[in-house]
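Welcome! Please take a moment with the sequence and the 3D view before reading on. We will go through a bound ligand and then a sheet.

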Amino acid sequence: MWNRDIGVDLGTANSLVYSKGRGIVIQEPSVVAFNKDSNQILAVGEEAKLMIGRTPGNIVAVRPLKDGVIADFDIARVMLQSFIKKSMGSGRKYRWAKPRVVVGIPSSITNVEKKAIIDAVIQAGGKEAFLIEEPVAAAIGAKLPIIEPIGNMIVDVGGGTTDVAVISLGGIVVNNSSKTAGNEMDEAIARYIKNKHNLLIGERTAEDIKVKIGSAVALEEEVTLSVSGRDLANGLPKTITIEGAECYLALQDAVGQIADVVKQTIENCPPELVSDILEHGIVLAGGGALLKDLDVMLAEETGVPVMVADNALTAVVEGTGLALEELELYKDMLRDRRSESG
Ligand code: ADP
Ligand code: MG
């Protein structure tokens, strides 16, 4: 029988599954739509995201991992199981062995939650479940030499949280987390447009603006974007043009807070590791790392070279995949393993 071990990144914004020998097989928004009255699950992932903000009263589309913590555990479990099952395929023609599953988890997660994730994996058909802390997975995925006695600094700017960690000899030496990340940037843009232009926009429009014209450093060239929403003066639809400079202004607080959490982590770091970081630089991962010039701004603020991982959006899941491929090498980093008899 084939072995289809899988690695899972349950992110606040996106969930990804890596299948051994096949690569990334699922990359979908972490959203679940369900009927509030019957508790019936209607859609998971991409399909459910399209429903956000567009559902009738009895249907809700939620992000179960909202702020980096598991806001709704039952829904998170359903989502995890749905992605695991989907990645395993179905039908009689498949005769796969039960997979071993590595799941990336936030470092702040409680033991009860860890156990619940492991149970969910086993219920979904996993043979064995291993948990790996997300910053460690991100660093492995970004190809940092984390097993060596060198301080490696990774900053993962996701949707709900920014997680900063310094890893050496395979373990987290210092870490820090902030709720300021991609979602907060979107909210800052929506707030700015509401206050400045009296226009109400949805969260997906705000995200779109951020991705297209947002930046962490004032742009040299002028860029504009037309944005539609609801005019607060009369409640009717309206389209305005906004400039990159406005977007930069709107994002300043959020990116400043990200710089602060990075600086605090460096301050808490043992001196030998600080000199390693100075020499090797800081690596950014997560979708939020793709905000234009976030690396440039962080380098200016910290005085340390900063680079964005070339697989920023997939570093965590690729890290879980590498950990799977080399379970022996990474076994000390994989915690709370539980194997089921069969
Ligand atoms: P999580 O691990 O929390 O699921 P991700 O690492 O998938 O989060 O990152 C999602 C965040 O990255 C979202 O807030 C999204 O808007 C943001 N993002 C994705 N691409 C870009 C981009 N090109 N510029 C700025 N932000 C981006
Ligand atoms: Mg993530």
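## Contacts with the ligand

Let us begin with the backbone: an N or O atom in the main chain of leucine 290 lies 3.5 Å from a nitrogen atom of ligand 1. Keep in mind that what you see is a predicted model.

Side chains take part as well. Asparagine 14 places a polar side-chain atom 2.7 Å from an oxygen atom of ligand 1. Lysine 210 also has a polar side-chain atom by an oxygen atom of ligand 1, at 2.6 Å. How much of ligand 1 does the protein bury? Taken alone, ligand 1 exposes 580 Å², and 87% of that is buried by the protein.

## The shell and the pocket

Where does ligand 1 sit? Look for the largest pocket, since that is where you will find ligand 1. Around ligand 1 there are 17 residues, and those that come nearest are Thr12, Ala13, Asn14, Glu207 and Lys210.

You can also sort this shell by class: five residues are nonpolar, ten are polar and two are charged. Two helices are worth finding in the 3D view. Both α5 (182-197) and α6 (203-213) supply at least two residues of the shell around ligand 1. Which element gives the largest share of that shell? The answer is α6, with three residues.

## A sheet of three strands

Now turn to the strands. Three of them form an open sheet in the order β12-β13-β14, and the pairing is antiparallel. At the edges are β12 (199-200) and β14 (237-243), each of which pairs on one side only.

## Inside the hairpin

How many bridges link β13 and β14? Strand β13, made of residues 224-231, pairs with β14 over seven bridges, in the antiparallel sense. You can trace this pairing residue by residue. Serine 226, for example, has threonine 241 in β14 as its bridge partner, while arginine 230 stands opposite proline 237 in β14.

Together, β13 and β14 form a hairpin, with five residues between the two strands. In the turn, look for glycine 235, which has a positive phi of about 75°.

Key: Residues numbered from 1 in each chain as written. Chains lettered and ligands numbered in written order. Predicted model: local features only at pLDDT ≥ 70, side-chain atom pairs only at ≥ 80, totals over all residues. Heavy atoms only, no water. Near = heavy atom within 4 Å. Polar contact = N/O pair within 3.5 Å; in protein donor to acceptor, adjacent residues only side chain to side chain. Areas by Shrake-Rupley, 256 points an atom, 1.4 Å probe, with all protein chains shown as cover. 1 Å grid on protein atoms, 1.4 Å probe; cavity = no way out; pocket = protein on both sides within 12 Å on 5 of 7 lines; lining within 4 Å. Sits in = over half its atoms within 2 Å of the grid points. Helix = DSSP H or I, 4+ residues; strand = E, 2+ residues; numbered from the N terminus. Nonpolar A, V, L, I, M, F, W, Y, C, P; charged D, E, K, R; others polar. Pairing = 2+ DSSP bridges.
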